[in-house]
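This report describes the strands, helices and pocket of one protein chain, and it is best read alongside the sequence and the coordinates.

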Amino acid sequence: MPEEGTPRRLPFPRPVDVAERIERAPALDAAIQFLSDGVVRVLPPGSRADALHGVPFGQPAHPALVRLPLGCWTSAALLDLFPGTERASRTLIAAGLASSLPATATGLADWSALHRHQQRVGLVHAVSGACAATLFSASLIARVGGFGRAGKVLSAGGLTAATIGGYLGGHLALRLGAGASHAEPIGHLAGIGWQELCRVYELPDGRPVRRQLGYLSLFVLRRGPEVSVLSDHCAHLGGPLHQGRAVRGEDGDCVTCPWHGSTFRVDDGSVVHGPATTRQPSFRCRVTDAGMVEVQPRS
Ligand code: FES
């Protein structure tokens, strides 16, 4: 008998236990390295990669696009339970297959810029999606060939694979934070009003440094008399921006994250290049007559 107050152990592993085992499965790493190198070769940093990450939309494109194949395939499998719906089911399966292509492209682009635990779960998520697409393709072929019954069985298998993939996608986003902004809480955690950060003469010219505002780490860049301050934790996955490269180009003064190359404007934190899709929290700055840099979060 379990002691009172201790959670009851289930006789089978919970889905989350399986997902956590996948996170800790180094056996997947060789395949991950191979695939991720391939994705980076085909999709080097630039406007094409930015579009797939969702930079122009301000949030990752994959979660929105993946709803189309999932919705179509779920509807097709449900319609199979009713008579006289064969034509509608076929149409939905075909629409799901067509819409799975952009969903796959955006997913691969995002996956190639994740950390290893996320990539392990992401790989199994992608394999489940590929199994679902294969089974629904076979289902469509069977239906067109007049094997309606086999087509329904294949669709049920495809929906099972898609559901497993969907669960792992949720684990990836909600538990492991892939796709979420890792800098979002910073603006809310900083105090209200102007706060002293450091003396301006302590800041090197043109080289980013990190300064603490209470327990918040801030990226600080001085260019002559101008001081720019952002959250130091990159919105993509929390990389240390002060270790990045400060560059001056046609987009103005920018910083490139050392982890996956996201580039932000230092004056307002807006994204110039992904994989980050959300603005880096930025701070207003002023230098007092006594040479003290004061900051205030931008609302
Ligand atoms: S942590 Fe990935 S780009 Fe900064």
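Which residue takes a positive phi in the hairpin of β2 and β3? The model is a predicted one, and in it the residue with the positive phi, near 60°, is G214, in a hairpin that has 2 residues between the strands. On either side of that turn, β2 (209-213) and β3 (residues 216-223) run antiparallel and are paired over 5 bridges, with V209 of β2 placed opposite V220 in β3.

**The six-stranded sheet**

This hairpin belongs to an open sheet of 6 strands, whose order is β1-β10-β9-β4-β3-β2 and whose pairing is antiparallel. Because β1 (195-199) and β2 stand at the edges, each with a single partner strand, one side of each is left without a neighbour in the sheet. From one strand to the next the twist averages 35°. Elsewhere in the order, β4 (residues 226-231) is joined to β9 (residues 282-287) by 2 bridges, again in the antiparallel sense, and here L230 lies opposite S282 in β9.

**The four-stranded sheet and the cis peptide bond**

A further open sheet consists of 4 strands in the order β5-β6-β7-β8, and its pairing is antiparallel. Its edges are occupied by β5 (245-249) and β8, each of which has a single partner strand, so one side of each has no neighbour in the sheet. The twist in this sheet averages 35° from one strand to the next. Within it, β6 (residues 252-256) and β7 (residues 263-265) run antiparallel and are joined by 3 bridges, with T256 standing opposite T263 in β7.

The strand pairs for which bridges have been described are set out below.

| Strand pair | Bridges | Residues standing opposite |
|---|---|---|
| β2 and β3 | 5 bridges | V209 and V220 |
| β4 and β9 | 2 bridges | L230 and S282 |
| β6 and β7 | 3 bridges | T256 and T263 |

The loop between β8 (271-273) and β9 contains P275, and the peptide bond that leads from G274 to P275 is cis, with omega near 15°. This loop therefore links β8, an edge strand of the sheet of 4 strands, to β9, which stands between β10 and β4 in the sheet of 6 strands.

**The helix pair α7 and α8**

How do the axes of α7 and α8 lie relative to each other, and at roughly what angle do they cross? The two axes come within 8 Å and cross at roughly 165°; since angles over 145 degrees count as roughly antiparallel, α7 is roughly antiparallel to α8. The crossing in which α7 passes α8 is left-handed. Sorted by class, the residues of the contact of α7 with α8 comprise 15 nonpolar, 13 polar and 2 charged.

**The largest pocket**

The largest pocket has a volume of about 1,200 Å³, and among the 47 residues that line it, those closest to its centre are H62, V66, A103, G107 and H125. At least two residues of the lining are supplied by each of α4 (62-65), α5 (67-79), α6 (86-111), α7 (116-144) and α8 (148-175). Both helices of the pair described above thus appear among the contributors, and α7 provides the largest share of the lining, 9 residues. By class, the lining of the largest pocket is made up of 27 nonpolar, 18 polar and 2 charged residues.

Terms used:
Residues numbered from 1 in each chain as written. Predicted model: local features only at pLDDT ≥ 70, side-chain atom pairs only at ≥ 80, totals over all residues. Heavy atoms only, no water. 1 Å grid on protein atoms, 1.4 Å probe; cavity = no way out; pocket = protein on both sides within 12 Å on 5 of 7 lines; lining within 4 Å. Points joined across faces, edges and corners; volume = space filled by probe spheres on them. Nonpolar A, V, L, I, M, F, W, Y, C, P; charged D, E, K, R; others polar. Pairing = 2+ DSSP bridges. Axes fitted to C-alpha atoms, helices over the stretch in contact; angles between N-to-C directions. Parallel < 35°, antiparallel > 145°, perpendicular 65-115°, else oblique. Left-handed = near helix turned anticlockwise from the far one by under 90°.
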